[in-house]
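Biologist: I'd like a close look at one part of this protein, please. Pick a helix, tell me how it sits among its neighbours, and then follow the aromatic rings outwards from there.

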Amino acid sequence: MRAGTFVYPWDVIGDPAAPGLLADLGVASVTLASAYHSTRALTPRHPGHRIVTAEHAAVLYPPDGARWSGHPLRPYGAGEWAPGDAYGEAAGALADAGLEVHSWVVLAHNSRLGAEHPETSVVNAYGDRYPWAPCIARPDVHSYLVELAVEAAVRPGAAGTELESCGWYGFAHLHAHDKTAGVALGDREQYLMSLCFCPSCREGYGEEGVDPDALAAAVRGALEPVWTGGAGGSLDGFEAPVLARRTRTARRLQESAVAAVRAAAPPGFRVLLHADPHPYRCGANAGTDPAHVLTVADGVVTPSATVAPFAAHTDGDTVLAANFGVVTGMGGSPATLAEDARRAAADGATELRLYHAGLASDADLAAVREALRKLG
């Protein structure tokens, strides 16, 4: 089964051994970050450093000034963690090692954007802003994300792209010194805490015949028992129109981004979305309707546990990439990768994605190498 792994440019630049090590794993492709959120990342084999701190969301290449002229929102260049055309330099080294390179583009996840343009952020039913979560219902955010998708995806030498966070982002966020685990929030509570009440969303609810003030009150009422240890309540009839509106908004972004990337890309360029099969979900794997999203993109990348709901809607050309964590310290299981991959294939997966070769220990990579050898 064809396999690919995720990598950051700083895993490759300055380490002449990195491309060969990745090629020796047995992967056919590398999904290389070209637009990424802030992070603190380990680089356990790099000869020049062990920790890279990406201070804010940035593009990892020089943004095109002419493209962004006149845009109120625009991407930020990286700092010293990825200077110059870091993506291009790393992509060239990986291609020289015989690896196919795909761009990895993070879209609706950007804390710096929210800090400098607070009006762009999701606002919950209590009036709290989520600066890491741009509201995709805002026309300016929608336009910015589509333009970013094109520029960051269609990089020289890229054979395709994977668009992450191409949909709603919300409450859940791996934020610095996160202190939100004091009250357990399940899927439903996460969803309620992720509903947006910015001016654009309030207007959108009105177009659905929903009073936004009444909806916000219903959300707060449904969440009230949660804060004292109980279960969340209902939204008193608001559920269907609210989810329908959010689903349509996410679809518009996904359709627009994919269409714009395809229009700018060379023939054969493959566009995949990081996706979840439940439309109400927020985050890196954007909530989708499997039957719809597979008519938009060339396929999806999804956790191995959510492969099956997409498989019923695939055809012979659709890519269904099962994403596996292979970093033991981050909850991955490289030792069982071969067995787990066979199970994903039985569920309908056509490819594997491995998260993340740059972060993995030598022992984890040895287990990956052996698993891919067994899989052939």
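Modeller: Sure, and keep in mind that this is a predicted model. One end of the scale first: Asp236 counts as exposed, at 61% relative accessibility. Asp236 sits in the loop between helix 9 and helix 10, and its phi is positive, about 50°, although it is not a glycine. That deserves a remark, since most residues other than glycine have a negative phi.

Now to the helix I'd pick, which is helix 8, residues 199-207. Which of its residues are buried? They are Ser200, Cys201, Gly204 and Tyr205. These four cover an arc of only 135° around the axis, so they lie on the same side of helix 8. The background is simple: an α-helix has 3.6 residues a turn, so residues three or four places apart point the same way. Turned away from that buried side is a face carrying the exposed residues Pro199 and Glu203. What do the buried residues pack against? Helix 6 (139-153), helix 9 and helix 10. Just past the end of helix 8 comes Gly209, with a positive phi of about 80°.

Tyr205 is a good place to start on the rings. Its ring and that of Phe197 have their centres 5.5 Å apart and their planes at 55°, so the pair is tilted. Both Phe197 and Tyr205 are buried. The ring of Tyr205 has another partner too: the charged end of Arg245 sits over it, 5.4 Å from its centre. A similar arrangement involves Arg246, whose charged end sits over the ring of Trp168, 4.1 Å from the ring centre.

Step back, and the structure holds 13 aromatic pairs. Take Tyr126 and Trp227: the ring centres are 6.4 Å apart and the planes meet at 65°, so this pair is edge-to-face. Tyr126 belongs to the loop between strand 7 (121-123) and strand 8 (129-134), and Trp227 to the loop between helix 9 (212-223) and helix 10 (239-264), so the pair ties together parts that are 101 residues apart in sequence. Tyr126 is partly exposed, with a relative accessible area of 34%, and Trp227 is also partly exposed, at 34%.

There is a cluster as well, in which ring pairs link Phe6, Tyr8, Trp10, Tyr36, Trp104 and Tyr355. Three of its members lead on to other things. Trp10 is one of the residues in contact with His46, along with Asp11, Ile13, Gly14 and Asp15, leaving aside neighbours within four places in sequence. His46 is in the loop between strand 3 (39-42) and strand 4 (51-54). Is His46 buried or exposed? It is buried, with a relative accessible area of 6%. The side chain of His46 also makes a polar contact of 3.4 Å with that of His49.

Phe6 and Tyr355, for their part, are both touched by Asn323. Asn323 is in strand 13 (residues 319-325). Its relative accessible area is 19%, and since buried means under 20%, Asn323 counts as buried. Leaving out residues up to four places away in sequence, its other contacts include Val301, Thr302, Pro303, Ser304, Arg353 and Leu354. Tyr355 also has a backbone feature to check: a cis peptide bond joins Tyr355 and His356, with omega about 15°. For context, most peptide bonds are trans. His356 is in the loop between strand 14 (351-355) and helix 14 (362-375).

Another backbone feature is at Ser165, where phi is near 55°, a positive value in a residue other than glycine. Ser165 is in the loop between strand 9 (160-164) and helix 7 (187-194). Unlike the exposed Asp236, Ser165 counts as buried, at 0% relative accessibility.

Last, back to helix 6, one of the elements that the buried side of helix 8 packs against. Ala152 is in helix 6, and is buried with a relative accessible area of 0%. Not counting residues up to four places away in sequence, Ala152 touches Ser34, Ala35, Tyr61, Ser103 and Val105. How many Å separate the C-alpha atoms of Ala152 and Gly230? The separation is 44 Å, and the two residues are 78 residues apart along the chain.

Notes. Residues numbered from 1 in each chain as written. Predicted model: local features only at pLDDT ≥ 70, side-chain atom pairs only at ≥ 80, totals over all residues. Heavy atoms only, no water. Phe/Tyr/Trp six-rings, centres within 6.5 Å; stacked < 30°, edge-to-face > 60°. Helix = DSSP H or I, 4+ residues; strand = E, 2+ residues; numbered from the N terminus. Buried < 20%, exposed > 50% of the residue type's maximum accessible area, 1.4 Å probe, protein only. Lys NZ or Arg CZ within 6 Å of the ring centre and 35° of its normal. Polar contact = N/O pair within 3.5 Å; in protein donor to acceptor, adjacent residues only side chain to side chain. Contact = heavy atoms within 4.5 Å. Arc of directions from axis to C-beta.
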